[in-house]
There are 2 protein chains.
Amino acid sequence: MIWYKDNDADIAVSTRIRLARNVEGTPFPNALSDKGEVTEKIKNAVLASNSTLAGEFEFINLDQKSKTERSALAEEHLISPQMISGKGQSVMISRDKTMSIMLMEEDHIRLQIIQSGLALSEAYETANRVDDVIEESLAYAFDEEFGYLTACPTNAGTGMRASVMLHLPALRLTDNISRIISSVNAMGLTVRGLYGEGTKAYGDMYQISNQVTLGLSEREIINKLKSVVDQIIDLEKKAREGLMKANADYLKDKLGRSYGILKYAFSMSSKEARELISDVILGQNLGILKKGKMSALECMVKASPAEMGGQKPEERDLKRAQFLKENI
Amino acid sequence: MIWYKDNDADIAVSTRIRLARNVEGTPFPNALSDKGEVTEKIKNAVLASNSTLAGEFEFINLDQKSKTERSALAEEHLISPQMISGKGQSVMISRDKTMSIMLMEEDHIRLQIIQSGLALSEAYETANRVDDVIEESLAYAFDEEFGYLTACPTNAGTGMRASVMLHLPALRLTDNISRIISSVNAMGLTVRGLYGEGTKAYGDMYQISNQVTLGLSEREIINKLKSVVDQIIDLEKKAREGLMKANADYLKDKLGRSYGILKYAFSMSSKEARELISDVILGQNLGILKKGKMSALECMVKASPAEMGGQKPEERDLKRAQFLKENI
């Protein structure tokens, strides 16, 4: 199931595991003039394999997709933002959209598992299984000392990036978010605003991920991330309880107004939509607001500029307001 | 019918005629130690009369009413704001609430007719009829040269103040309101913001009235006022058409958002309520917004601090939001 479907986004929104892999004896994509041959090799390793993977994936040549279609895939986190305007790239996406194998991004293979909620171990096991199937037909570039070799040395070693997306509106409302970002960074993890950067994240969505890929095992990386994420979730829960205890009327008013604007505005920018939907997600999780036709998280994803189609911004803003009115 | 009931407030909201009268040979109220005797005389002239008036009016001794009850009467424009905290004052109100006879305000008698819409001639004729009935039993203080004598000389002559309440949101949105107030003032008429003063009027409600009561006949005063009011109504109509032509999307968005906030806020000040309800009145009259359970104008009157009861302001704000959510 795609990560944002029927997902009530109660703090831990989604989990992602990404493995970077390269085919032995072949230059990295940026130094590779003919990307077709190695693409074909990897495609066959997945689709012609005798494992269960064969029937699960669909191959998409991104050169044959419009910029809008590619942007929509990026909004769903099925390709990386760089792949919106890339060349010679492709992706294999599983039917349930939890797995995507990007080809000819920075590395030959970027295998990604994305699931709703906090599910680091499950996602890692799935990634491992797919990785093993590919490795049955392909030799990876691997070094005894450095582990998996990657185009950028920061990815070498495990080649793994594990990340959890967290919805942290109460930590923002209580002015704790900057402090928390600093201490997470100090622990060697990275915090990224999902829309907008750092403390200016629109929609209060933050992605916490490991920075180091070398010198720790996959299991160690996941355990460290899990422990920090659990602490942040706990802080967000406490901040919500505190707000409800001290400022329930203020909160009901603020979140209700955001819902009212989403219900009755006639035009809306994507930045405003994300901010208001963040309030609605919080309100629904606190039991202040009722759930709509579509999950509020899905509304946030679908209200992106790419999903709203390629018209003029003003037309998109009208279309977005209409979409949100009907679905939130 | 009370002026704000089922009134869609399409620019001309209400019309008011007020006549100031004093009983011959009796000091004005501010110099009168025993107000009881003259009050009784006037009360009898109305209630004991053999005319149709007798059954129409109810007598209210304001000394027996709480400050909140008196404030609510003032919000309905059935007594003047000064009477909220006065002493020895009373009022006779007609069952349909279109007529009120205030006793021992600045003058012995302040007879007021208030109707919805623009109805200067009708209101004046009604006032005249009631005035005649009272005069059958009472001699008024009257001077051949100065006309009706009043406590304040600015009311002498006809003793009449005629006024029309106009809802002028488009003239505010197009930044024309200050200019119009200045030219109306220059024509010898007075413009008052109904809630807040002048150009800072909350709710875009303006009362246009005659300044001069001496030297012109009642008919002349009414004709002059009518002609200026007709012009302002025309300007507001043109401003609305202009906005709909040039900025329909902006208008639909702005008015829709105001409606959404009224529908989903949990707490609301009276100032904000008036501003948002003004948008809703405009939206309903432009066909952009649907009508609610109660007319938006009635919601504006009923959302006043007095109508919301005498609790703490924060409690009133919660009660007001609840009331508006249900009725707008």
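## Close-up views of a predicted model

**View 1. Strand E8 of chain A pairs with strand E10 of chain A.** E8(A) and E10(A) (residues 205–210) run antiparallel and are joined by 5 bridges. The model shown here is predicted. Within this pairing, A:Ser163 has A:Ser209 of E10(A) as its bridge partner.

**View 2. Strand E1 of chain A also pairs with E8(A).** E1(A) covers residues 12–21 and runs antiparallel to E8(A), with 7 bridges between them. Here A:Arg18 stands opposite A:Arg161 of E8(A).

**View 3. E8(A) is covered on both faces.** The strand spans residues 160–167, and 8 of its 8 residues are buried. One side carries A:Met160, A:Ala162, A:Val164 and A:Leu166. The other side carries A:Arg161, A:Ser163, A:Met165 and A:His167. A:Arg161 and A:Ser163, shown above in their pairings, are thus among the buried residues.

**View 4. A nonpolar patch lies on the surface of chain A.** A:Phe146, A:Leu149, A:Val212, A:Leu214 and A:Leu216 make up the patch. Together they offer about 380 Å² of accessible area. A:Val212 sits in the loop between E10 and helix H7 (218–264) of chain A. Is A:Val212 buried or partly exposed? A:Val212 counts as partly exposed, because its relative accessibility is 42%, between the cut-offs of 20% and 50%.

**View 5. Two cysteines of chain B differ in cover.** B:Cys152 is partly exposed, at 25% relative accessible area. B:Cys299 is buried, at 0%. How many disulfides does the whole structure hold? A search over all chains finds 0.

Technical notes
Residues numbered from 1 in each chain as written. Chains lettered and ligands numbered in written order. Predicted model: local features only at pLDDT ≥ 70, side-chain atom pairs only at ≥ 80, totals over all residues. Heavy atoms only, no water. Buried < 20%, exposed > 50% of the residue type's maximum accessible area, 1.4 Å probe, protein only. Helix = DSSP H or I, 4+ residues; strand = E, 2+ residues; numbered from the N terminus. Pairing = 2+ DSSP bridges. Disulfide = S-S within 2.5 Å. Patch = residues over 30% accessible without salt bridge, like charges linked within 9 Å, V, L, I, M, F, W, Y side chains within 5 Å. Areas by Shrake-Rupley, 256 points an atom, 1.4 Å probe, with all protein chains shown as cover. Salt bridge = Lys/Arg side-chain N within 4 Å of Asp/Glu carboxyl O.
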